[in-house]
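Me: I would like to learn how to read a few features from a model. Please take them one at a time.

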Amino acid sequence: MAEKNRIYLSPPHMGGKEIEYIKDAFGTNWIAPLGPHVEAFELECAQAAGVKAALALTSGTAAAHLSARLTGIGPGDLFFCSSLTFVASVAPIVQIGGIPAFIDSAPDTWNMSPSALERAFRDAEASGRMPKAVVIVNLYGEPCDMDAILPLCGKRGVPVIEDAAESVGSLYRGRPTGAFGKFGFYSFNGNKIITTSGGGMLLSDDEEAIAKARFWSTQARDKAPWYQHSELGYNFRMSNLLAGVGRAQLKLLEDRVARRRAIFERYRQELGGLSGVSFMPESHLARSNRWLTALVVDPAIAGTTNLKIMEALAAENIESRPVWKPMHLQPVFSGARYYGHDGDKSGALFDNGLCLPSGSSLSEEDQALVIRTVLSVFPAGL
Ligand SMILES: *Cc1c(COP(=O)(O)O)cnc(C)c1O
């Protein structure tokens with residue numbers, strides 16, 4: 001149960017209409033597993049993303065898993081992935097036998113560095129072992145440097161998987177994220193910008209591939225009068241109840257993006273003047289959904305640290321979070337290759353980074369309390 005006086009990082013924000021969809025599902029007894037809301041939600045997401053096909057799943061992680069299988073990655077196959085991300089970008093691919101090499105962040109996006117990626121490709125070419133896929137991630141809603149990254153992969157014929165779990169509603173050159181790779185996916189986990197409590201969506205222009213993923217996601221049943229299987233699948237489909245919640249949430253997406261962007265702007269206005277503090281950048285080609293407001297604190301200049309700020313917030317019952325710990329620094333990936341961008345940029349973002357409460361339901365007063373608390377940690381104030 002959510003605690004009443006706690007300020008959460010990114011809590012679910014229902015609009016009210018979600019319950020109508022659930023009632024409709026109850027009324028027609030389309031409880032589970034599939035039903036009309038699932039198909040409608042897929043169609044609506046595909047339209048919103050500007051792709052030909054979409055597949056509603058139990059989680060973003062399930063979508064990552066199926067996208068990796070669709071690229072044909074198997075035991076011993078190399079793949080490249082942004083280091084600065086949540087583990088779910090990588091885990092399912094490693095679980096099917098993929099070998100990751102991690103790519104550092106570029107300072108202008110905090111996302112995959114094109115120059116580090118280029119070095120990784122050159123190494124791969126020299127060793128005669130090319131990656132089977134490149135996983136790009138739109139961190140905290142900020143799109144990757146698509147103009148630079150996509151051609152590097154495209155000219156080598158290496159498919160891109162776009163992890164848009166955090167960037168639902170973000171745009172790059174006016175186009176929605178999730179549609180830039182061969183495969184893309186969204187997450188509707190409880191803390192994301194819109195939610196089905198748990199869920200994900202796989203996106204692609206390749207309708208045949210999505211049909212294959214649909215087959216796998218429902219236990220890979222052959223067309224036969226009995227239960228017959230020529231391959232093994234999964235139980236990964238989203239339920240009709242949750243798809244109803246998703247349909248109502250999707251209608252609110254533009255509003256939620258506007259609200260999160262306004263929250264980010266207020267933080268930047270009130271805290272951006274502090275010396276040693278800098279906010280996550282936004283490309284002039286992009287509109288980030290600003291899923292989470294992220295900033296870095298340079299201790300040498302600020303006279304304080306990200307961890308001290310987090311402690312002060314915790315004392316006020318305010319939830320905050322460090323920036324993701326990069327994959328190349330995770331014990332489980334200690335043997336993996338890493339391509340830095342002029343040093344270790346993602347490591348530095350982790351060392352000094354911080355995410356502030358950013359939920360679209362955050363009240364003005366609560367945000368003011370967060371701001372006051374952050375200011376109280378700075379020796380000289382503003
Ligand atoms: C949330 C998230 C996922 C996983 O999505 P789930 O729906 O929680 O399985 C994958 N990648 C990133 C970057 C995420 O933030």
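Reply: The turns below cover cysteines, then a helix, then one exposed residue. This is a predicted model, in which local features need pLDDT of at least 70, side-chain atom pairs count only at pLDDT 80 or more, and totals for chains, interfaces and linings use all residues. Residues are numbered from 1 along each chain as its sequence is written, and side-chain values use heavy atoms, with hydrogens and water left out.

Me: How many disulfides does a search of the whole structure find?

Reply: A disulfide is a pair of cysteine sulfur atoms within 2.5 Å. The search finds zero.

Me: Why is C153 not bonded to C144?

Reply: The two sulfurs are 10 Å apart, which is too far for a bond, and C144 holds the closest cysteine sulfur to that of C153. For C355 the closest cysteine sulfur is also in C144, at 16 Å, again too far.

Me: Is C355 buried or exposed?

Reply: Buried means under 20% relative accessible area, exposed over 50%, and partly exposed in between (1.4 Å probe, protein chains only). C355 is buried at 0%, and C153 is buried at 1%.

Me: Which residues are buried in helix α12?

Reply: Helices (H or I, at least four residues) and strands (E, at least two) are DSSP runs, numbered from the N terminus. In α12, residues 345-352, the buried ones are S346, G347 and L349. They lie on the same side of α12, because they cover an arc of only 160 degrees around the axis, taken from the directions from the helix axis to the C-beta atoms.

Me: Where does K251 lie?

Reply: K251 is in helix α8, residues 240-251, and is exposed at 57% relative accessibility. Its C-alpha is 10 Å from that of E18, 233 residues apart along the chain.
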